Amino acid sequence: MPYKSGMLQSWNKFCFTTGYIEVSVSLPGPNEESKGYWPGAWTLGNLARPGYGATTDGVWPYSYDSCDVGTFPNQTYVNGSGPAAAVMSEASQSKYNYALSWLPGQRLPSCTCPNEDHPGPSPTVGRGAPEIDILEVEHNKLGGTGQMVSQSAQFAPFTHDYLYGNESVEMWEVFGNGTVPNAYQYVQAVSGLTELPSDVYVGSGNQFITFGFEYWSNPKNSSDGYVIWQTGGQPTARLGAAALGPDIGLNGTQVGQRLISMEPMSIVLNLGMSPNWQTIDTSTLSFPAEMRVDYVRVYQRRGQTNIGCSPPDFPTEDYITRHLDSYMNPNLTQWNYPQPKNGLRVPFGCRPRRRR
C-alpha cells in the first residue's frame with residue numbers, strides 16, 4: 001500500500017551556528033502503543049539538502065578537520081591493507097561484509113589540493129554535513145510499553161567498533177529522568193533514549209511536549225564543544241567533545257578528533273515510516289496521521305548571534321550555486337561531479353608531476 005509522508009525544512013533559508021533549539025510537538029498516533037510512525041525533528045549541515053541523496057554523498061555525517069585515513073573511502077588505505085579496525089569490525093553487519101565503514105570518503109577534506117572544487121574558506125578546512133537530532137520517536141524497544149524518544153548526534157569518520165568515550169561526565173553523561181544510553185551501533189551515533197508520557201499523542205491527550213538541544217562549538221578551541229539534550233523541560237543527556245577523541249594505537253582506526261559541528265545547521269521536521277526504523281504494525285496505526293508542531297525556536301548566547309546558511313567562516317552559497325543540478329534533483333543518489341583531489345590519495349600528493 002502506498003504512503004505519502006510530509007517534510008518541512010529550512011535548508012538554505014534559515015540556518016544557525018551554535019545555540020539552543022526547541023520544538024513543541026504533539027506526536028502521531030491513536031495512543032502510546034502505535035508501532036510504525038517515524039516522527040523526527042533534526043538539524044543538518046547546510047552542505048547537504050535533506051531528501052537529495054547526491055548532496056549527502058561524501059559529506060554526511062562528516063565533522064572532521066584532520067588529514068588522514070579517516071578521509072578515505074571505507075576509512076582504509078589505498079591498497080586496502082588496513083587499518084585492521086576498519087577492514088573488519090564485529091560490531092558491523094554481514095551485509096557490509098563486517099567492514100567498519102561503507103562511506104565513500106570525505107568529499108571535502110582538509111587534504112583537498114589547491115584549486116580543486118571546495119566550498120572554502122580554504123581547501124585546508126575540512127567540510128561536511130554533521131547531523132544532530134532533536135527527536136526521533138519509536139515504540140519502546142527495551143521490552144517495556146509506550147514510546148521512547150531517541151536524541152542523538154552522528155559523526156564520521158568512525159572509531160573502532162563505533163565506540164565513543166564515556167569514562168567521565170566530561171565525555172558523556174545521562175541525567176536520569178527516564179533516560180538510558182542507546183546501544184544502537186552501525187554508525188558513529190551517540191544517543192540517549194527517554195520514556196515519554198502517555199498523553200502527548202494526537203489520539204490520546206493531544207498534549208504538546210518540548211524537545212530540544214543546546215550545542216556549542218569553538219573553531220579556536222574544539223575541546224570546548226558539547227551538546228545537551230532535553231525532553232519535557234528536563235535535561236536528558238550531555239555529549240562532550242572529549243568523547244569524540246582520536247582513535248590511535250594498535251587497535252584503533254587511526255582517525256583524529258571528530259568535531260562538534262562547526263557548520264551552519266538547517267532544520268528539518270518530518271513524519272515518515274520505515275521498517276528500517278522499527279517493525280510496522282498497521283493495526284496499531286491510524287491514517288491520516290499527524291505530527292502537530294506548535295513552535296520551533298532558536299536561541300543564541302548574547303554576543304554570539306550567528307544565523308545564516310553561508311557564514312564567512314563556513315560558506316556554502318557559492319558551492320551550492322555551482323552544483324545546482326545536484327541540489328535540485330532528488331532522483332540523484334551519488335555526487336555527479338568529479339571528486340576533488342585528496343593530496344593523501346594521489347601518487348604525487350598535490351604537487352604537479354615533473355615532465356622529463
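Helices (H or I, at least four residues) and strands (E, at least two) were taken as DSSP runs, numbered from the N terminus. The structure is a predicted model, in which local features need pLDDT of at least 70, side-chain atom pairs count only at pLDDT 80 or more, and totals for chains, interfaces and linings use all residues. Residues are numbered from 1 along each chain as its sequence is written, and side-chain values use heavy atoms, without hydrogens and water.

The largest pocket (an open set of points on a 1 Å grid over the protein atoms alone, where a 1.4 Å probe fits, with protein on both sides within 12 Å along at least five of seven lines; lining residues have an atom within 4 Å of a point) holds about 1300 Å³ of space. Its lining comprises 39 residues, and W38, W60, E131, E136 and Q154 lie nearest the centre. Strand β4 contributes the most, with five residues. The lining divides into 17 nonpolar, 16 polar and six charged residues.

The largest nonpolar core (buried Ala, Val, Leu, Ile, Met, Phe, Trp, Tyr and Cys residues joined through side-chain atoms within 4.5 Å; buried means under 20% relative accessible area with a 1.4 Å probe, protein chains only) has 39 residues, and L135, F211, W229 and L239 have the most contacts inside it. Apart from this core lies another, of 13 residues, including W11 and V268.

In β10, seven of the eight residues are buried. Strand pairing (at least two DSSP bridges between two strands) links β10 to β3 in the antiparallel sense over seven bridges, with I209 of β10 as the bridge partner of V25. Six bridges join β10 to β11, also antiparallel, and W216 stands opposite Y226 in β11.

Conventions: Grid points are joined across faces, edges and corners, and a volume is the space filled by probe spheres set on the points. Ala, Val, Leu, Ile, Met, Phe, Trp, Tyr, Cys and Pro count as nonpolar, Asp, Glu, Lys and Arg as charged, and the others, Gly among them, as polar. Buried means under 20% relative accessible area, exposed over 50%, partly exposed in between (1.4 Å probe, protein chains only).
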